[in-house]
Amino acid sequence: QIAERARQGRLRALFMKQIYLQEYRAKQSKTLGKKVTDSWAAALCIQKVWRRFHQCKKTEKLREEEMIFLGMNPPPLFNEVSATVIQAEKVDRLRNEVQMKHEEDYREALVTIKNDLKLIEGLDIKENLQDQIRHWFIECRNLTGTFPDYPDIEEGG
C-alpha cells in the first residue's frame, strides 16, 4: 500500500509539473505575443522583471543565511585559512628555524668549551690530582709504615 501510494504521488507530481509548465508557456507566449507600444508599458514590464529578479536574489540570500544559522550549511569562509593563521604558522616556522640554529650553536659551543678546558686547565687538574694521590700515599705510609698495595687492574688499579 505504501509503495502504491508513493507511485501514485510521483505520477501526480509529474502530472502537476506538466500542467504548471503548460500554463507557464501559455503565459509567456501571451506576454511575448503582445506588442508593447508605449514606453510606459515597456517600463512597467522592465520593472516587473527587475523586481522579480531582485526579490529572488534576496530570498535566496535569506534562505542561505537561515541555513547557516541553523547549522545546516557551513559559513561562507569556513574552509579558508585566515591571514592570522598564516602569520602564526610563519612565526612558528621562523621560531623553529631559530631554535634549530641556536641548538646547533650550543652543541658546537659545548665541544669547543670542552676542548678549550682540556687545553687550558687540563694540565692543572692533572697536576692537582697527582698531588692528592701522592699526599694520600704519604699519609698511608706515615700511618702504617708501608706504602699501600696497588689494586689489580680489574679493580681499577
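**Entry 1: rings**

I start with a rule: rings of Phe, Tyr and Trp (for Trp, its six-membered ring) pair if their centres lie within 6.5 Å, and planes under 30 degrees apart count as stacked, over 60 as edge-to-face and the rest as tilted. With that rule, I find three aromatic pairs in this structure. Trp-50 and Phe-53 make a tilted pair, with 5.7 Å from centre to centre and 40° between the planes. I note that Trp-50 and Phe-53 both sit in helix α2, three residues apart, which is about one turn of the helix. My textbook reminder fits here: an α-helix has 3.6 residues a turn, so residues three or four places apart point the same way.

Then I looked at Trp-136 and Phe-137. Their ring centres are 5.3 Å apart and their planes stand at 75°, so I log this pair as edge-to-face.

**Entry 2: what I am looking at**

I remind myself that this is a predicted model, in which local features need pLDDT of at least 70 and side-chain atom pairs count only at pLDDT 80 or more, while totals for chains, interfaces and linings use all residues. Residues are numbered from 1 along each chain as its sequence is written, and side-chain values use heavy atoms, with hydrogens and water left out.

How confident is the predictor? The pLDDT (the predictor's confidence in each residue, from 0 to 100) averages 87 for the protein, and 96% of the residues score at least 70. Among the elements, helix α3 (residues 83-144) has the lowest mean pLDDT, 89, and α2 the highest, 92.

**Entry 3: helices**

How many helices and strands does the protein have? I count three helices and zero strands, where helices (H or I, at least four residues) and strands (E, at least two) are DSSP runs numbered from the N terminus. Along the sequence I read the pattern α-α-α.

I checked the length of α2 next. The expected span of a helix is 1.5 Å times one less than its number of residues. For the 32 residues of α2 (residues 39-70) that gives 46 Å, and the end C-alpha atoms are 46 Å apart, which agrees. Just after α2, I see Gly-71 with a positive phi of about 85°.

**Entry 4: overall shape**

I compared the protein with a compact globule, using the radius of gyration (taken over C-alpha atoms; the globule rule is 2.2 Å times the number of residues to the power 0.38). A compact globule of 157 residues would have a value near 15 Å, but this protein has 48 Å. Its C-alpha atoms fill a box of roughly 140 × 55 × 20 Å along the principal axes.

The protein is divided into domain 1 (1-35), domain 2 (37-80) and domain 3 (83-155); such bounds come from an automatic or database domain assignment. Taken over C-alpha atoms, the centres of domain 2 and domain 3 lie 77 Å apart. I also tried one far pair: Glu-154 and Gly-9, 145 residues apart along the chain, have their C-alpha atoms 99 Å apart.

**Entry 5: buried or exposed?**

My cut-offs: buried means under 20% relative accessible area, exposed over 50%, and partly exposed in between (1.4 Å probe, protein chains only). Buried residues make up 1% of the 157 residues.

Back to the rings. Phe-53 is partly exposed at 43%, and Trp-136 is partly exposed at 47%. Phe-137, at 18%, counts as buried.

In helix α2 I picked Ala-41, which is partly exposed at 28%. Glu-66, another residue I looked up in helix α2, is partly exposed at 48%. The C-alpha atoms of Glu-66 and Trp-50 are 24 Å apart, with their positions 16 residues apart along the chain. Glu-154 lies in the segment after α3 and, at 74%, counts as exposed.
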